[in-house]
Amino acid sequence: MKRHIPNLLTLGNLLCGTIATIFAIKGDFVGVAILVATGIVFDFFDGFLARMLKVQGELGKQLDSLADMVTSGVVPGIVMLQLLISALDVDAASYFGIDKYGATGSNLPYIGLMLTLGACYRLANFNIDTRQSDSFIGVPTPAMTLFVISLPLILEFSGQDFFVELINNQYFLIVITVLLTFLMNAEIPLFALKFKTFGFKENALKYVFLLLSLLLLVTLKFVAVPLIIVLYVTLSVINNLKKV
């Protein structure tokens, strides 16, 4: 029975992602954020429990990627599609309706679905890449997803004109989409937040990242989320250069 406990959490992740997909189509981005965050928590603890209970297996590995494909693949793609629809000021019904399909004549918002394709490729590659047991190569799909789902929250709650104008800019959104798709599959080693010990010397980079992330969250709230992802990549690149 215990070998199924991690899988139940994985299925919880999938359920959150499935409902979040519906919310994303409806444009309820607060609901999307809550569900995706819950799904990511499930995603963390399914692996943690599998290791603790010593029930890791190929089924759990494949199931985990399939669940992530929805929560951290389909959902961010649809959110970015919605953001591009809003930035272009076109009728969302022409994308999600049946009778009005294609009425605007603009296919540009579909660029957002590049995130879904990039996530799919990364997750499939992750399952066969033996180099990513203690660290990551390329930005993990949950990190990309947190970046994307934070954007509509910044629009709604930040109250800062600069960020609102930036996120409402179609060219900014397209650049972000292309960049995140590339970073998910780039050969860039990134540190993982796994602690084998809690000593400062061997975990200095992780502690610095966590401290700076906390400061950003306290001071900038939702605006901090994409900045934390940028910080994560930047610190990883600096750490890689120090090792050369």
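**Figure 1. Overall view of the predicted model.** Accessible areas here come from the Shrake-Rupley method with a 1.4 Å probe, and on that basis the protein exposes about 13,200 Å², of which carbon and sulfur atoms supply 70%. The protein has 10 helices and two strands, and from the N terminus on its elements follow the order α-α-α-α-α-β-α-α-α-β-α-α. Of its 244 residues, 42% count as buried, and among the contacts between residues at least 6 apart in sequence, 71% join residues at least 24 apart.

**Figure 2. Close-up of the ring pair formed by phenylalanine 162 and phenylalanine 163.** A search of the whole structure finds six aromatic pairs, and one of them, between phenylalanine 162 and phenylalanine 163, is edge-to-face, with 5.3 Å centre to centre and 75 degrees between the planes. Phenylalanine 162 counts as exposed because its relative accessibility is 55%, over the 50% cut-off, whereas phenylalanine 163, at 21%, counts as partly exposed.

**Figure 3. Close-up of the ring pair formed by phenylalanine 209 and tyrosine 232.** This aromatic pair is tilted, with 5.7 Å centre to centre and 50 degrees between the planes. The pair links distant parts of the chain, since phenylalanine 209 belongs to helix H9 (residues 204-220) and tyrosine 232 to helix H10 (residues 224-243), 23 residues apart. Phenylalanine 209 counts as buried at 7% relative accessibility, and tyrosine 232 is buried with a relative accessible area of 7%; the cut-off for this class is under 20%.

**Figure 4. Close-up of a cluster of rings.** Phe191, Phe209 and Tyr232 are linked into a cluster by ring pairs.

Methods. Residues numbered from 1 in each chain as written. Predicted model: local features only at pLDDT ≥ 70, side-chain atom pairs only at ≥ 80, totals over all residues. Heavy atoms only, no water. Helix = DSSP H or I, 4+ residues; strand = E, 2+ residues; numbered from the N terminus. Buried < 20%, exposed > 50% of the residue type's maximum accessible area, 1.4 Å probe, protein only. Contact = heavy atoms within 4.5 Å. Phe/Tyr/Trp six-rings, centres within 6.5 Å; stacked < 30°, edge-to-face > 60°.
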